[in-house]
Amino acid sequence: MTGPLSGVRVVELKGIGPAPFCGMMLADLGADVVRVERPAPGAGPYAPATDVLGRGRTSVALNLKQPGSTDTVLDLVERADILIEGFRPGVMERLGLGPDSCLARNPALVYGRMTGWGQDGPYARTAGHDINYIAVSGALGAMGPANGPPGLPLNLLGDFGGGGMLLVVGVLAALLHSRNTGEGQVVDAAIVDGTATLSSLLYGLMAQQRWTAQRGENFLDGSAPYYTVYPCADGRFLAVGALEDQFYRALLEGLGASDDPVLTTDRTRPDNWAAIRKRLEGLFASRPRQSWLEVFAGTDACVSPVLGLDDAHEDTHASARGTFIDVGGVVQPAPAPRFSRTRTSPPWPAPAPGRDNAIVLGSSASEPHRES
């Protein structure tokens, strides 16, 4: 494997959602990630290639409730730099793989823990999902129209933005400390904490009285007519992000409405937004989307097509940059970010559980096995 994390060894206790996302990111950046997971079920089809979050790993299948399995994991931990797990508080301790046990075997280990609520607090041992964590963080309440319920941002904001990506940052920061001092530590990454951190800009805007706690009154929540989505004549949508004056002027020029008295009123005043929105809706609805894309191509009007998961990879810009790749017959996002010197290798599909038992467990110096 190549990439800036080449040579870094990671043990991942397989979970769901944000922890596997962290493992994918580390593997994409060149780390040798060994995933410890349950043996595959004996019946039914299993298609590892479709497990995009599991790409780039080697796999060890162990039943952690069987005698000797804990010692096997601790042997892996002893020669690892990072461990990541995403279980409820107390589960790893009951398996004999809590921080005390692992750090006793490897004092320099970075022990990354991914949960929704964190390792302590009143909710720590209760169940939850992305929607619960972003609700309590305050972020969910800021999304959606004023006259409707909050809008769900899939599970991208909590699980992956406030969760998995926060764990990536945490374990890499702790790894830097470990390599400088030889001291390992526990990283407590909680989705509710990370999502709150992602909201930092909004708290600053509230302090400046440029943002309100009420949905439907703010310039980035879809309420402003110059930062929202419009349907075209063919039912397809355009995203308009003409925040600054020069971009708004380019928008009006493309629409042929530079002198429109409604569209040139003071757009900073929310009481003008309804009239401006109605006029823009009528203009965008007068042509199909492709016609408008041709009008705005190469301009700074900040107008883009709203693409779906099924066609985003066909976008001209995404194609030129290689934003999406085919791995084992599955179209998926390419590793990111990109590096000028330590370029990353193309990932390989997720292995079947236990495929690498003999290789990984047979030698402490074994290299990850790559599928062709």
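# Chatting through a predicted model

Student: Which helix does Arg277 lie in?
Tutor: Arg277 lies in α10. Helices here are DSSP runs of H or I with at least four residues, strands are runs of E with at least two, and both are numbered from the N terminus. Before we go on, this is a predicted model, in which local features need pLDDT of at least 70 and side-chain atom pairs count only at pLDDT 80 or more, while totals for chains, interfaces and linings use all residues. Residues are numbered from 1 along each chain as its sequence is written, and side-chain values use heavy atoms, with hydrogens and water left out.

Student: Got it. And which residues does Arg277 touch?
Tutor: Leaving out residues up to four places away in sequence, Arg277 touches Gly222, Ser223, Ala224, Pro225, Thr228 and Tyr230. Touching, or contact, means heavy atoms within 4.5 Å. Take Thr228: along the chain it is 49 residues from Arg277, and their C-alpha atoms are separated by 9.3 Å.

Student: What about Glu85 and Glu244, how are their C-alpha atoms separated?
Tutor: By 43 Å, with their places 159 residues apart along the chain. Glu244 belongs to the loop between β8 (237-241) and α9 (245-255). With a relative accessible area of 37%, Glu244 is partly exposed. The cut-offs are under 20% relative accessible area for buried, over 50% for exposed and partly exposed in between, using a 1.4 Å probe and protein chains only.

Student: Zooming out, how many helices and strands does the chain have?
Tutor: There are 13 helices and 11 strands. Along the principal axes, the C-alpha atoms fill a box of roughly 75 × 45 × 45 Å. Of the 372 residues, 42% are buried. If you take contacts between residues at least 6 apart in sequence, 65% of them join residues at least 24 apart.

Student: Why is α1 largely enclosed by the rest of the structure?
Tutor: Helix α1 covers residues 18-28, and 11 of its 11 residues are buried, so it is largely enclosed. The buried residues include Phe21, Met24, Met25 and Leu26, and Asp28 is among them too.

Student: And what do the buried residues of α1 pack against?
Tutor: They pack against the strands β1 (9-13), β2 (32-37), β4 (82-85) and β5, along with the helices α6 (156-181) and α7 (191-198). Just after α1 comes Gly30, which takes a positive phi of about 110°.

Student: Changing topic, how many aromatic pairs does the structure hold?
Tutor: It holds nine aromatic pairs. Rings of Phe, Tyr and Trp (its six-membered ring) pair if their centres lie within 6.5 Å; planes under 30 degrees apart are stacked, over 60 edge-to-face, and the rest tilted. One of the pairs is Trp117 with Tyr133, which is edge-to-face at 4.8 Å centre to centre and 90° between the planes. Trp117 is in the loop between β5 and α5 and Tyr133 is in helix α5, so this pair ties together parts 16 residues apart in sequence. Both Trp117 and Tyr133 are buried.

Student: What kind of aromatic pair do Tyr226 and Trp273 form?
Tutor: Tyr226 and Trp273 are edge-to-face, at 6.3 Å centre to centre with 85° between the planes. Tyr226 sits in the loop between α8 (200-207) and β7 (227-231) and Trp273 in helix α10, so the pair ties together parts 47 residues apart in sequence. Tyr226 counts as buried at 8% relative accessibility, and Trp273 is buried at 7%.

Student: What sits over the ring of Tyr226?
Tutor: The charged end of Arg267, 4.5 Å from the ring centre. That label requires NZ of Lys or CZ of Arg within 6 Å of the ring centre and within 35 degrees of the ring normal. Similarly, Arg287 lies over the face of Trp292, 4.6 Å from its ring centre. Trp292 is also in one aromatic cluster with Tyr230, Phe284 and Phe296.

Student: Last topic, the backbone: which residues does a cis peptide bond join?
Tutor: Ala336 and Pro337, with omega about 0°. Pro337 is in the loop between β11 (330-333) and α13 (357-362).

Student: And what is phi of Gln209?
Tutor: It is near 60°, a positive value in a residue other than glycine. Gln209 is in the loop between α8 and β7, and at 74% relative accessibility it counts as exposed. Cys302 also has a positive phi of about 60°, and its place is the loop between α11 (289-296) and β9 (303-305). Cys302 is partly exposed, with a relative accessible area of 31%.
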